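Reader: I would like a close look at one part of this model: the side-chain pairings that link separate stretches of the chain. Please keep it brisk and give cut-offs as you go.

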Amino acid sequence: MPLYFCFSRPAISQEVDDESEFNYEEHGKKGPANWGDLKQEWHQCKIGLMQSPIDLLHERVQIVPKFVDFKIDYKPTNATLKNRGHDIMIKWSDKAGYIEINGTQYFLKQCHWHSPSEHTINGRKFALEAHLVHQSQDGNVAAIGILYRIGQPDYFLSTIKEHLEEISNTNKSKVVNEIHPSLLKMRSSLYYRYIGSHTIPPCSQNVIWTIVKKVRSVAPYQVDLLRVAVHDDSNSNARPLQPLNNRMIQLQFRSQCIEMEH
């Protein structure tokens, strides 16, 4: 059976936009182990039982042997490239489109990158992970995760290479014309799905995670550029793995015919 989603209280879905108040230092006062103590509204980072990221261990995965309702309808539109302090984010305009899960539309808001990957598969960590963050009208969130191993350059990152270089020595944002979200190549017939949280404060537990099973490739210089463009002293911006706590992980099939192109 496909996963169905019910959140018992109003969603607090907004990620922290200015990440200067926390960091990824393993033993630091503002590191991941202490995020839940830094602010009262971040307490879920410490006590939440549905936190992300997790290890997608095959022994825990339930296979859904039929196609499920998952639609993608993206459009090219202007976007803003922004350095948030510990990651690089592309924020799209309201016209970038949406995904639809079980009849609910989640509108694309932004994409950002973590290196190394936050989610793992059977304990294996990858070089990079992209997160496409979507939000429904009632404030719940659906995120698509794309994993990358070292190999050939990623086409999408190649298209924004000059823009990344341009903001690497400045705190300014950069408006980029006509970026098509579909160039991120999240399309696949197989993907993992589970219910979790944002991986940065406030760690709100209102996220439907869809992790693309097909691992893409990225060149070492592209991973380095994403880190260089961020003005911090960390070699990583990946939150450690969180306990599964008996949550269900599904491997689902998606029909390619419900995918809309523009």
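Author: What follows covers the disulfide, the ring pairs, and then two loop residues.

This is a predicted model: local features need pLDDT of at least 70, side-chain atom pairs count only at pLDDT 80 or more, and totals for chains, interfaces and linings use all residues. Residues are numbered from 1 along each chain as its sequence is written, and side-chain values use heavy atoms, with hydrogens and water left out.

Start with the sulfur atoms. The structure holds one disulfide. A disulfide here is a pair of cysteine sulfur atoms within 2.5 Å. Cysteine 45 is joined to cysteine 203, with an S to S distance of 2.0 Å. The torsion about their S-S bond is about 90 degrees, so the disulfide is right-handed. Cysteine 45 belongs to helix α2 (residues 44–47), while cysteine 203 sits in the loop between β12 (190–196) and β13 (207–212), so the bond ties together parts that are 158 residues apart in sequence. Helices (H or I, at least four residues) and strands (E, at least two) are DSSP runs, numbered from the N terminus.

Next, burial. Buried means under 20% relative accessible area, exposed over 50%, and partly exposed in between (1.4 Å probe, protein chains only). Cysteine 45 counts as buried at 8% relative accessibility. Cysteine 203 is buried at 0%. Cysteine 111 is buried too, with a relative accessible area of 0%.

Now the rings. A search of the whole structure finds seven aromatic pairs. Rings of Phe, Tyr and Trp (its six-membered ring) pair if their centres lie within 6.5 Å; planes under 30 degrees apart count as stacked, over 60 as edge-to-face and the rest as tilted. Among the pairs is phenylalanine 22 with tryptophan 35, edge-to-face at 5.0 Å centre to centre and 75 degrees between the planes. This pair links distant parts of the chain: phenylalanine 22 is in the segment before α1 (35–38), tryptophan 35 is in helix α1, and they are 13 residues apart. Phenylalanine 22 is buried at 1% relative accessibility. Tryptophan 35 is buried at 0%.

A second pair joins phenylalanine 70 and tyrosine 191. Their ring centres are 5.2 Å apart and their planes stand at 65 degrees, so this pair is edge-to-face. Phenylalanine 70 lies in strand β3 (residues 70–74) and tyrosine 191 in strand β12, so the pair ties together parts 121 residues apart in sequence. Both residues are buried. Phenylalanine 70 has a charged partner as well: the charged end of arginine 193 sits over its ring, 5.1 Å from the centre. The test for that is NZ of Lys or CZ of Arg within 6 Å of the ring centre and within 35 degrees of the ring normal. Elsewhere, ring pairs link Phe22, Tyr24, Trp35 and Trp42 into a cluster.

Two loop residues remain. Alanine 96 is in the loop between β5 (88–92) and β6 (97–101). It is buried, at 0% relative accessibility. Not counting residues up to four places away in sequence, alanine 96 touches Asp73, Tyr74, Lys75, Thr77, Leu108 and Pro181; contact means heavy atoms within 4.5 Å.

Glutamine 242 is in the loop between α5 (220–229) and β15 (249–254). Its side chain reaches the backbone oxygen of proline 240 at 2.9 Å. Leaving aside neighbours within four places in sequence, glutamine 242 is in contact with Gln51, Ser52, Pro53 and Ile54.

Notes. A polar contact is a pair of N or O atoms within 3.5 Å; within protein, one must be able to donate a hydrogen and the other to accept it, and residues adjacent in sequence count only if both atoms are side-chain atoms.
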